[in-house]
Amino acid sequence: MTLCTPARTTNRPRIQRPHSPPEGPRRFRVAGADLSASVAVFLIALPLSLGIALATGAPLQAGLVAAAVGGLVAGRFGGSPLQVSGPAAGLTVVTAELIQRYGWRTTCAITALAGLTQLALSALRVARSALAVSPAIVHGMLAGIGVTIALAQLHIVLGGTPQSSAVDNVLGLPAQLAHAQPAALVISALTVAALLCWPRLPGRAGRLARKAPAALVAVAGATAVAALAGLAVPRVDLPSWSSHALPGLPEGPVLGIAAGVLTITLVTSVQSLLSAVAVDKLVAARGDLGRGVPRSDLDRELAGQGAANVLSGALGGLPVAGVAVRSVANVSAGAVSRASTMLHGLWIVLAALLLVPVLDLIPLPALAALVMVVGIQMVSITHIRTVTRHREVVVYAVTLTGVVLVGILEGVALGIAVAIAVALHRLTRTRITREERDGRQLLHVRGQLTFLAVPRLSRALHQLPRGSDVVVELDGSFMDHAAYEALSDWTAGHLAHGGTVETTGPSGARISEPAPVTASASHPCCRPWTPWHNHQCGEKPTETTEATEAAETSRTAEPRRTTGLHLASGIGKFQRNTAPLVRDELARLAREGQRPSQLFLTCADSRLVTSMITSSGPGDLFTVRNVGNLVPLPGEESGDDSVAAAIEYAVDVLRVESITVCGHSGCGAMQALLSGGPDDPPTPLRRWLRHGRPSLERMASRRHAWARISGRLPADAVEQLCLTNVVQQLEHLRAYEPVARRLAEGTLTLHGVYFHVGEAQAYLLSGTDEVHSYDDVFTQVMPTGHLESARAS
């Protein structure tokens with residue numbers, strides 16, 4: 001049979017590069033979720049942009065320009081796809097001060113220069129450095145700005161004119177209250193009532209009504225009342241775009257303009273970057289787990305904000321920054337790409353061109369009331385509770401007070417100074433107590449041992465009787481060289497006079513006494529857990545290793561194979577250094593057999609060293625490791641019963657008292673689960689990972705609460721799945737008959753642990769001591785052994 005093919009197929013085939021886009025016309029497609037989200041954000045952004053422009057004293061059109069540029073430019077070129085940018089309430093005080101001091105045209109030039117500065121900073125890739133600023137300073141700065149905004153707008157709400165500073169606004173408030181305008185007060189009160197009550201409408205009708213943004217409803221309602229009642233209140237007056245003011249050459253002292261550029265750069269950058277990080281968390285916590293939405297590229301986000309500020313300043317707009325209110329609305333509305341942000345900017349442009357007669361009906365007191373409520377909400381009770389829990393309320397209060405009284409840049413500088421002072425105080429705060437117990441002298445040292453504590457430490461040590469038995473308990477995480485030498489020298493002298501010295505940690509566990517390093521001592525970097533990777537430890541390389549290293553420098557050389565050398569070297573160091581210390585204990589275990597107290601089931605990840613993170617030794621743990629720390633349900637291992645056998649042996653034969661499932665951050669198995677699909681080839685790894693699918697289902701289920709880690713939501717979907725997987729595997733353990741029987745007898749407990757590799761921090765799952773009482777909250781394990789939600793010092 002002859003096969004006939006079309007003549008066009010006989011031509012030379014066109015070769016297409018791998019991963020190149022398909023041929024044919026490219027179409028701009030917008031998802032339905034992006035379209036609806038853009039409308040929701042537009043309805044919020046329109047009144048807010050006008051209100052912020054009113055609060056700064058800028059032309060009202062400048063707010064619309066900034067909103068449009070923020071949506072179109074920052075939305076297109078920024079690194080956070082779902083973050084919405086535009087005029088921010090946090091910039092109101094700065095912009096108002098610049099306008100009052102230098103005029104509107106120079107302020108536009110300062111905005112453009114700040115944008116160029118942001119572009120330069122993004123090229124230097126320093127975006128993450130902004131995250132090093134203490135959250136207490138950031139929250140204090142925003143709260144101070146909020147207080148200043150609220151005080152200024154309160155005068156407009158009462159029908160008056162705000163003063164130039166927060167102090168003047170407070171001093172002028174009694175006179176303003178005595179001459180309040182009833183019409184303005186009515187419109188403002190109506191706006192505030194709508195803003196506060198609309199999100200709390202009850203019932204099914206309330207749920208449907210709440211889909212309309214409260215800001216839009218409040219401003220629209222106030223506008224309708226003012227128009228129907230014929231109230232004499234000042235209204236929005238948008239001039240013709242032909243008379244819109246564009247920037248001019250900066251006029252004023254160079255240092256003052258430079259300070260303005262620096263302030264705008266600082267506030268817009270920090271606010272935008274922190275908002276981008278918050279958006280990532282919101283996306284990861286969404287019902288769809290943020291699938292298809294990439295995480296924020298902070299350097300690109302800084303560049304996008306810089307480009308937006310350059311263009312906004314050039315077009316006569318306000319400074320642009322990422323804003324939380326509109327970003328939260330965008331994420332909550334289900335946006336899936338940057339198209340929603342860009343479309344919201346397009347709607348702003350159309351409204352500015354086509355809806356001018358409608359916008360001119362809006363009463364100015366309604367916009368002032370809207371911005372005043374936003375300012376009050378910037379003083380967040382949640383933030384105050386957080387900084388109080390972390391003992392940084394002083395930093396927060398100083399920053400807030402400084403911003404209100406002297407200015408943003410000065411307030412932030414004061415906050416940074418106080419934060420440094422608090423950190424130094426914590427570092428140098430050391431308590432040394434002495435007591436006699438059972439004929440032994442106990443010296444308890446709490447806090448960090450630095451050179452500043454050496455005089456008190458030395459005084460306390462030399463007050464101990466010569467020849468006595470001394471226990472030095474070190475309850476801290478840091479000892480510098482000066483303190484180490486002071487303790488070492490005193491120990492040597494005390495031992496020479498016939499005394500004994502035992503140095504312990506906070507739990508009473510004995511640690512090696514400090515002693516001078518001798519030539520025969522092993523290299524200080526050679527710990528039992530020293531990693532092999534790129535580790536030379538000061539040893540002189542042999543001719544073989546020198547030849548291997550020389551060959552490795554050649555581009556055509558084979559990769560160096562040093563696994564065998566590392567393994568042999570490690571075994572040799574064990575025999576030389578560690579074996580003499582553990583030989584007696586291992587000999588006892590060999591005679592008596594193993595009697596572990598716990599079955600420890602964890603991942604096969606090479607970064608998880610179980611004995612190190614649990615401070616356990618030989619005979620303590622019966623350890624099972626597999627990819628993903630999975631516990632297949634009974635009967636589902638399909639030929640490989642290794643995990644089930646280990647559980648049965650540990651529970652029925654070894655009679656362990658507890659079982660711990662330990663997950664960890666950055667788990668490759670969880671990443672593979674998230675990225676897997678039904679069409680993946682059935683490799684051994686994929687067949688094994690099917691036991692993790694119930695964890696995926698649990699994470700997506702609405703019946704289960706989202707796992708939290710020390711009071712916060714997980715950073716991304718991978719961390720969420722790692723946490724959920726620990727909870728789910730504990731559920732699987734309960735399905736095993738020996739485990740269920742021992743749990744019913746009350747002779748076995750289950751525990752969940754999550755280990756954050758990058759932070760070297762362990763978290764314990766709350767509620768695992770009762771049957772089915774998981775609350776999916778992982779609580780931080782502090783160095784003292786107590787469970788607290790505060791961050792470990």
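**Exercise 1. Strand β10 and its neighbours**

Which residue in β10 is the bridge partner of Phe600? Then describe the strands that pair with β10 and say how far β10 is covered.

*Solution.*
Step 1. The model is a predicted one. In it, Phe600 has Thr660 of β10 as its bridge partner.

Step 2. Strand β8, residues 598-603, is joined to β10 by five bridges, and the two run parallel.

Step 3. Strand β12, residues 749-756, also pairs with β10 in the parallel sense, over seven bridges. Two of the facing pairs are Ser658 with Thr749 and His664 with Phe755.

Step 4. Strand β10 spans residues 658-664, and seven of its seven residues are buried, so the strand is largely enclosed by the rest of the structure.

Step 5. Side by side along β10, Ser658, Thr660, Cys662 and His664 point one way, while Ile659, Val661 and Gly663 point the other way. Both sets are buried.

**Exercise 2. From β12 to β13**

Find the strand that pairs with β12 in the antiparallel sense, and describe the turn between the two.

*Solution.*
Step 1. Six of the eight residues of β12 are buried, so this strand too is largely enclosed by the rest of the structure.

Step 2. The antiparallel partner is β13, residues 761-765, with four bridges between the strands. In one of these pairs, Tyr754 has Tyr763 of β13 as its bridge partner.

Step 3. The two strands form a hairpin with four residues between them. In the turn, Ala760 has a positive phi of about 50°.

**Exercise 3. The β3 and β4 hairpin**

How many bridges join β3 to β4, and which residue in the turn has a positive phi?

*Solution.*
Step 1. Eight bridges join β3, residues 430-437, to β4, residues 440-447, and the strands run antiparallel.

Step 2. Glu435 stands opposite Leu442 of β4.

Step 3. Two residues lie between the strands of this hairpin, and Asp438 in the turn has a positive phi of about 55°.

**Exercise 4. Asn629 and Ser642**

Classify Asn629 and Ser642 as buried, partly exposed or exposed, and locate each residue.

*Solution.*
Step 1. Asn629 is in the loop between β9 (621-626) and α25 (642-653). Ser642 lies in helix α25.

Step 2. Buried means under 20% relative accessible area, and exposed means over 50%. At 2%, Asn629 is buried. At 42%, Ser642 is partly exposed.

Step 3. Leaving aside residues up to four places away in sequence, the contacts of Asn629 include Leu601, Thr602 and Cys603, then Val661, Cys662 and Gly663, and also Asn725, Val726 and Gln729. Of these, Val661, Cys662 and Gly663 belong to β10.

Step 4. Ser642 is 18 residues from Val624 in sequence, and their C-alpha atoms are 9.2 Å apart in space.

**Exercise 5. Empty space and Thr111**

What is the volume of the second largest cavity, and which residues line it? Then examine Thr111.

*Solution.*
Step 1. The structure holds three cavities of 30 Å³ or more. The second largest has a volume of about 40 Å³.

Step 2. Its lining is made up of Ile52, Thr56, Pro87, Ala88, Leu91, Thr92, Thr95, Leu318 and Pro319. Helices α1 (32-56) and α3 are the elements that give two or more residues to this lining.

Step 3. By class, the lining has six nonpolar, three polar and no charged residues.

Step 4. Thr111 sits in helix α4, residues 104-123, and is buried at 2% relative accessibility. Beyond residues up to four places away in sequence, Thr111 touches Asn309, Gly313, Leu318 and Pro319. Leu318 and Pro319 are also in the cavity lining.

**Exercise 6. The second largest pocket**

Which helix gives the largest share of the lining of the second largest pocket?

*Solution.*
Step 1. This pocket has a volume of about 1,000 Å³. Of its 49 lining residues, Val93, Ala96, Glu97, Gln100 and Ser164 are the closest to its centre.

Step 2. Helix α3, residues 92-102, gives the largest share, ten residues.

Step 3. The lining divides into 28 nonpolar, 18 polar and three charged residues.

**Exercise 7. The whole protein**

How many helices and strands are there, and what share of the residues is buried?

*Solution.*
Step 1. The protein has 30 helices and 14 strands.

Step 2. Of its 793 residues, 43% are buried.

Step 3. The protein exposes about 40,900 Å², and carbon and sulfur atoms supply 60% of that area.

Note on methods: Residues are numbered from 1 along each chain as its sequence is written. This is a predicted model: local features need pLDDT of at least 70, side-chain atom pairs count only at pLDDT 80 or more; totals for chains, interfaces and linings use all residues. Side-chain values use heavy atoms; hydrogens and water are left out. On a 1 Å grid over the protein atoms alone, a cavity is a set of points where a 1.4 Å probe fits but cannot get out, and a pocket is an open set with protein on both sides within 12 Å along at least five of seven lines; lining residues have an atom within 4 Å of a point. Grid points are joined across faces, edges and corners, and a volume is the space filled by probe spheres set on the points. Ala, Val, Leu, Ile, Met, Phe, Trp, Tyr, Cys and Pro count as nonpolar, Asp, Glu, Lys and Arg as charged, and the others, Gly among them, as polar. Buried means under 20% relative accessible area, exposed over 50%, partly exposed in between (1.4 Å probe, protein chains only). Accessible areas come from the Shrake-Rupley method with a 1.4 Å probe; for residues, only the protein chains shown count as cover. Two strands pair if DSSP finds at least two bridges between them. Contact means heavy atoms within 4.5 Å.
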